[in-house]
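Hi everyone, thanks for making time. I'd like to walk you through a structure that's new to most of us, so let's get it up on the screen.

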Amino acid sequence: MKLLSIGTVAFDALETPFGKRDRIVGGSCTYIALSASYFLNKSGIVSVVGDDFPNEMIQKLESRNIDLEGLQIKEGEKTFFWSGRYHNDMNTRDTLDTQLNVLENFDPIIPESYKNSEYVMLGNLVPAIQNQVLDRLGNKVKFTMLDTMNLWMDVAMDDLKQVIAKVDLLTINDEEARQLSGEYSLRKAAKVIMKMGPKFLIIKKGEHGALLFGEEGIFYAPALPLEDVFDPTGAGDTFAGGFIGYLASTDDTSFENMKRAVIVGSAMASFCVEKFGSERIEDLSLEEINERVAEFRKLTDFELNLALA
Ligand code: AMP
């Protein structure tokens, strides 16, 4: 297996200025795996759901060549539930409810066929479980990427710092970078965070794009200004899935290739926000993805010859 992703497979209740959904499938792992599926023939996931999880979604994931041997289905238990409400600017949201349910006693079992995975995406999840997964993987791992959120900084900072120390790349949003580092300037925050372990850091700024930091320098990718943004849920995970899916498919972890991966991730995220939940990223065509990437190129491409005396 080229890529292994872990994270939540969830039910979400969402409220944005454009509408409301009471119970749709979401979860960090769902978005990551769907997004990465456009770049790989096959990938595996390690996660858990209850017996209330819809068969229809299982079939949809399988139809995108996502291997579900590592998805545990627990009889008599309920799937992880998260509920959030977005503010008017849609860049910020409040978590209204988090019910761990089946995640409370989750033992992440890694199928034999996943143990030789080379690329590992640790999607947003309890840091202790992210740690366990790293410990249980074989020595074939070439590249590990971690996503997390402010909640874990509040309630499990020690565990989180342990995982951060072990991964190659951390991706978080600007507010989380400030909380983790204690620095307001994102440049200073990046320095502090990279001293904690990761060689690379991506700071996401929602509709204001994303910054990639490495020893080689800084790269900035804008977000595409879209006509319709309905629901930002999962945009960060979709970004991460596109990023690591592209990286794994090209098998190149150089800074130059990561710049391309940031554009791919940003293009995938731009689709995600156009509809509620994961709907928009369930059936994309490669033409659509290519066109989006071309729009990104056009957005910042210009020639300038200043004839200054
Ligand atoms: P994003 O908008 O990229 O931050 O991801 C939103 C997804 O993360 C939703 O579909 C939720 O189900 C999931 N989620 C929310 N809170 C958590 C949490 N504490 N741990 C793991 N996943 C979560």
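I'll start with the ligand, then move to a strand beside it, and end with one threonine. One thing up front: what you're looking at is a predicted model.

So, the ligand. Which residues come closest to it? There are 19 residues around the ligand, and the closest are D12, G27, R93, G234 and D237. If you sort that shell by residue type, you get 9 nonpolar residues, 7 polar ones and 3 charged ones.

Let's look at a few polar side chains there. D12 has a side-chain N or O atom sitting 2.4 Å from an oxygen of the ligand. D237 does something along those lines, with a side-chain N or O atom 2.7 Å from a ligand oxygen. And T8 puts a polar side-chain atom 3.0 Å from a ligand nitrogen. How much of the ligand does the protein bury? On its own the ligand would expose 500 Å², and 93% of that is buried by the protein.

Where does the shell come from? Four elements each give at least two residues: strand 2, at 10-16, strand 7, at 80-86, helix 4, at 150-155, and helix 8, at 235-250. Helix 8 gives the largest share, with 3 residues.

Now let's follow strand 2. Is it mostly covered or mostly open? Mostly covered: 6 of its 7 residues are buried. Strand 2 also has partners. With strand 3, residues 19-26, it runs antiparallel, joined by 6 bridges, and the two make a hairpin with 2 residues in between. With strand 7 the pairing is parallel, again over 6 bridges.

If you want one residue to find on the screen, pick L14. Opposite L14 in strand 3 you'll see R21, and in strand 7 the bridge partner of L14 is G84. While you're looking at strands, keep in mind that in a regular strand the side chains alternate between the two faces of the sheet.

Last stop: T79, in the loop between strand 6, at 71-74, and strand 7. Why do we call T79 buried? Because its relative accessibility is 2%, and the cut-off for buried is under 20%. The T79 side chain reaches the backbone nitrogen of G50 at 3.0 Å. Beyond its sequence neighbours within four places, T79 is in contact with residues including V9, A10, F11, F53 and N101.

That's my tour, so over to you for questions.

Definitions and conventions. Residues numbered from 1 in each chain as written. Predicted model: local features only at pLDDT ≥ 70, side-chain atom pairs only at ≥ 80, totals over all residues. Heavy atoms only, no water. Near = heavy atom within 4 Å. Polar contact = N/O pair within 3.5 Å; in protein donor to acceptor, adjacent residues only side chain to side chain. Areas by Shrake-Rupley, 256 points an atom, 1.4 Å probe, with all protein chains shown as cover. Nonpolar A, V, L, I, M, F, W, Y, C, P; charged D, E, K, R; others polar. Buried < 20%, exposed > 50% of the residue type's maximum accessible area, 1.4 Å probe, protein only. Pairing = 2+ DSSP bridges. Contact = heavy atoms within 4.5 Å.
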